[in-house]
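Dear colleague,

Please find the structure below, followed by an account of what was found in it.

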Amino acid sequence: MTDRAFNFNAGPGTLPVPALQQAARDILDYQGLGLGIMEMSHRSKEFMAIAEQTESLFRELLGIPNNYRILFLQGGASSQFFMVPMNLLAPGTTACYLNTGTWSAKAIKEARRFGTVDVPFSGEADNFRRLPEPTDYTVAHGCQYLYLVSNNTIFGTQFSSFPETDVMLVADMSSDILSRRIPVERFGLIFAGAQKNLGPAGVTIVIVRDDLLDRVADSVPTMLRYKTHADKQSMYNTPPCFAVYLVGEVLKWVKAQGGVEAIEQRNEEKARLIYEMIDSGDYYRGHAEPSSRSRMNVAFNLPTAELEAKFVAAAAKQKMIGLKGHRSVGGCRASIYNAFPVEGVRHLVAFMQRFERENPA
Ligand SMILES: *Cc1c(COP(=O)(O)O)cnc(C)c1O
């Protein structure tokens, strides 16, 4: 494994090497059964044990109370943009959405198909550099839920704390789930596509408070009801078996690292190293306002677009892959998810210093 690059891709992102090594063995032969992990019945006792273990480890690591169900769904995080309002927003009722970037805008568009959507804050005018302070907006009385994206993958912003409100929170945590401790009990529902911090693409984890399962209207199709999947332990139909298995291996790695608290400290350290470099001069400019900065995705610019292109290409030659920013922001983006090593960050910071010296503005 000495040839692995430092993978700064925003998603799918880098995964822990021990989890990949275990998967490489289990793909061919799972525990001497003579068949691989992708080839066994999802109702076999071996796979049922994997699914149960993945779920209980996830519950343990995030401290998820027993009145919440954990679901393994397909369709990507983007399917949750409609499943959330389809299940939780009755016609004629209102939900409140904070518009903090591309992913929230897409969720707002879908929610409008089901009920009234109130958007008391939008960061669009300043290209989503800043997240709202609690005093920047009010949540209308009677809102069914307040929806937010905890980490805005594209713009590199992240809520450092969550809104204090009586209304239940619903969050898209696709790009920072398991990167820090979270007060689960303040949320009605949390969802996350796996491919940033949890595992491979193909499974979306939903954490939903059990009293919300019965809100769904009769007209909602079976597969799109949270209750269907909750009642059958995510085995109503064939679950994304391999993805669930690999999430389990990633969770074992997180636990071996010391759990979410230890991971959180390491993530703070990694982000601090890059932001300190950015703040040390005028050559690099962070996209996000300092108070809104993400510890998962660091979006930044160089003095010109030409220098940015040269930077990305030169970094790739030194095995630092995936530093090009999203097309809607331009510039560069370093995604430093849980499995991204501290050495890789040090490597990047040294490269940034060198590049600035050798390529004056
Ligand atoms: C990547 C991402 C999504 C989209 O995930 P898909 O699984 O591709 O649908 C949604 N929300 C956030 C915050 C993301 O980072």
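How far is an oxygen atom of the ligand from an N or O atom in the side chain of Lys196? The separation between the ligand oxygen and that side-chain atom of Lys196 is 2.8 Å, where a polar contact is a pair of N or O atoms within 3.5 Å; within protein, one must be able to donate a hydrogen and the other to accept it, and residues adjacent in sequence count only if both atoms are side-chain atoms.

This is a predicted model, in which local features need pLDDT of at least 70 and side-chain atom pairs count only at pLDDT 80 or more, while totals for chains, interfaces and linings use all residues. Residues are numbered from 1 along each chain as its sequence is written, and side-chain values use heavy atoms, with hydrogens and water left out.

The ligand site

Two further residues place a polar side-chain atom beside a ligand oxygen: Ser78 at 2.6 Å and Thr153 at 2.5 Å. The ligand taken alone exposes 390 Å², of which the protein buries 86% (Shrake-Rupley method, 1.4 Å probe). There are 13 residues around the ligand, and Ser78, Thr153, Asp172, Gln195 and Lys196 come nearest (a residue is near if one of its heavy atoms lies within 4 Å). Helix H3 (residues 76-88) supplies the largest share of this shell, namely four residues; helices (H or I, at least four residues) and strands (E, at least two) are DSSP runs, numbered from the N terminus.

A helix pair

Helix H7 (residues 259-279) and helix H9 (residues 342-358) have axes that come within 10 Å and cross at roughly 0 degrees; axes are lines fitted to C-alpha atoms over the stretch in contact, with angles from 0 to 180 degrees between N-to-C directions. H7 is therefore roughly parallel to H9 (angles under 35 degrees). Among the residues making the contact (heavy atoms within 4.5 Å) are Leu273 and Ile274 of H7 and Val345 and Leu348 of H9.

Backbone features

Most residues other than glycine have a negative phi, and most peptide bonds are trans. Gly11 and Pro12, however, are joined by a cis peptide bond with omega about -10 degrees, and Pro12 lies in the loop between strand S1 (6-7) and helix H1 (17-28). Phe128, not a glycine, has a positive phi of about 55 degrees; its place is in the loop between strand S4 (116-122) and strand S5 (146-149).

With kind regards

Conventions: Parallel < 35°, antiparallel > 145°, perpendicular 65-115°, else oblique.
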